[in-house]
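Hi,

Here's the structure I promised to pass on. Have a look through it first, and then read my notes on the salt bridges below.

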Amino acid sequence: MKILITGAGGQIGHDLIGALVAAGHDLTSTDLAPRPPSHAHAGGTWHRLDVTDAVAVRDLFYEVQPELVFHLAAILSARGEQDPKLAYDVNQTGTWNVLEACRKGKVARLVFTSSIAVFGPTPSGPLPDPTPDDVPLHPTTMYGVTKVSGELLCSYYRQRHGVDCRGVRFPGLISAAMPGGGSSDYALFMYVDAVRKGGYEAFARADTRIPLMYMPDAVRALLELAFAARGRLSRAIYNIAAFSPRADQIASSVQRVVPDAKFSYSPDPARQAILDSWPKSLDDSAARRDWAWQPKYDLDGMTDDLIPRIKRMLELGAILSSH
Ligand SMILES: NC(=O)c1ccc[n+]([C@@H]2O[C@H](COP(=O)([O-])OP(=O)(O)OC[C@H]3O[C@@H](n4cnc5c(N)ncnc54)[C@H](O)[C@@H]3O)[C@@H](O)[C@H]2O)c1
């Protein structure tokens with residue numbers, strides 16, 4: 001199938017490209033940035049594409065004529081709070097441009113990547129735990145605001161224009177690639193810095209608990225949702241969940257494999273406030289029912305798979321030696 005990815009140069013793009021090329025798809029990867037060295041062997045063609053440039057997006061979609069688009073390009077939560085205008089331009093205007101290009105270019109299907117950042121404390125109190133799909137959405141970040149809007153646009157284009165837009169709300173994602181400025185990055189650094197520095201001072205409290213997921217499950221979720229028959233989907237956007245450990249439980253899981261690793265906790269007020277506004281865990285029963293979503297990795301399963309990968313990446317110099 002002819003498939004195009006926006007924002008392919010990031011953490012998810014790295015693994016999604018590999019999975020799509022391995023499955024034999026005709027892939028066009030696009031990003032604002034040139035193909036990163038970590039993606040050098042990923043396969044497919046690479047185009048520079050700025051999703052805030054409506055004409056460029058339209059022209060490339062006309063040229064490539066993809067049957068399926070994965071829209072990953074975004075500015076993530078922590079970086080978005082530093083530069084809300086950029087987050088608005090890329091996440092809001094960029095998503096509009098991609099949806100319009102799908103409508104005009106008659107792209108049959110679009111997969112949107114939303115986030116747990118759409119949630120925030122509701123006026124009537126904290127979020128239910130686990131948090132279901134349908135609660136009032138009160139995001140506390142510009143990133144979350146633009147993701148709520150993207151979800152609504154996705155549903156609108158699905159109903160109004162026949163662009164079969166569907167998407168997932170990802171938890172914080174963990175893989176052996178450097179993350180892109182999200183508030184859940186402490187979780188990955190607990191692994192990376194345990195291996196390369198013997199420990200990590202987390203920017204979150206020890207009792208911080210948010211939903212997390214290992215990247216192989218996240219990529220599989222994208223593929224399973226992308227190829228699910230339309231008739232099976234009762235909604236456009238789905239919660240998906242894997243596990244919800246406290247930060248100190250991640251530390252214990254890492255110490256099973258790296259016994260000498262030392263962890264401490266020095267909460268950064270801005271990022272801690274974002275983490276505290278998110279759900280502690282997600283109810284993903286609709287995804288399980290409609291398209292048989294099921295995670296394969298729990299926390300210790302992820303730890304056992306991830307640490308050897310991080311060691312290999314560090315040996316190859318594919319993870320930067322400082323951050
Ligand atoms: N990683 C996570 O934990 C997580 C969690 C929830 C949702 N998501 C969503 O998944 C998607 C992919 O996330 P990721 O982790 O790969 O992010 P990332 O930051 O690693 O990658 C995003 C990519 O978008 C690109 N980009 C930025 N501005 C652009 C522009 N104007 N035009 C084109 N490309 C541009 C960047 O160069 C980068 O390669 C995003 O939509 C994100 O919101 C990610």
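Let me start with a question: are Glu-151 and Arg-169 buried or exposed? Both Glu-151 and Arg-169 turn out to be buried. Their side chains meet in a salt bridge, with 2.8 Å from N to O. This pair ties together distant parts of the chain, since Glu-151 sits in helix 5 (residues 142-160) and Arg-169 in strand 6, 18 residues apart.

Before you go further, keep in mind that this is a predicted model. Searching the whole structure turns up 23 salt bridges, so I've picked out just a few here.

Another one worth a look joins Arg-109 to Asp-164, whose closest N and O atoms are 3.1 Å apart. Here, too, distant parts of the chain are linked: Arg-109 belongs to strand 5 (residues 109-115) and Asp-164 to strand 6 (residues 164-170), 55 residues apart. Arg-109 and Asp-164 are both buried. They also belong to a network of salt bridges that links Arg-109, Arg-158, Asp-164 and Arg-166.

Then there's a pair within one helix. Glu-100 forms a salt bridge with Lys-104, and their closest N and O atoms are 3.8 Å apart. Both residues lie in helix 4 (residues 84-104), 4 residues apart, which is about one turn of the helix. Glu-100 counts as buried because its relative accessibility is 13%, under the 20% cut-off. Lys-104, on the other hand, counts as partly exposed because its relative accessibility is 38%, between the 20% and 50% cut-offs.

Cheers

Definitions and conventions:
Residues are numbered from 1 along each chain as its sequence is written. This is a predicted model: local features need pLDDT of at least 70, side-chain atom pairs count only at pLDDT 80 or more; totals for chains, interfaces and linings use all residues. Side-chain values use heavy atoms; hydrogens and water are left out. A salt bridge is a side-chain nitrogen of Lys or Arg within 4 Å of a carboxyl oxygen of Asp or Glu. Helices (H or I, at least four residues) and strands (E, at least two) are DSSP runs, numbered from the N terminus. Buried means under 20% relative accessible area, exposed over 50%, partly exposed in between (1.4 Å probe, protein chains only).
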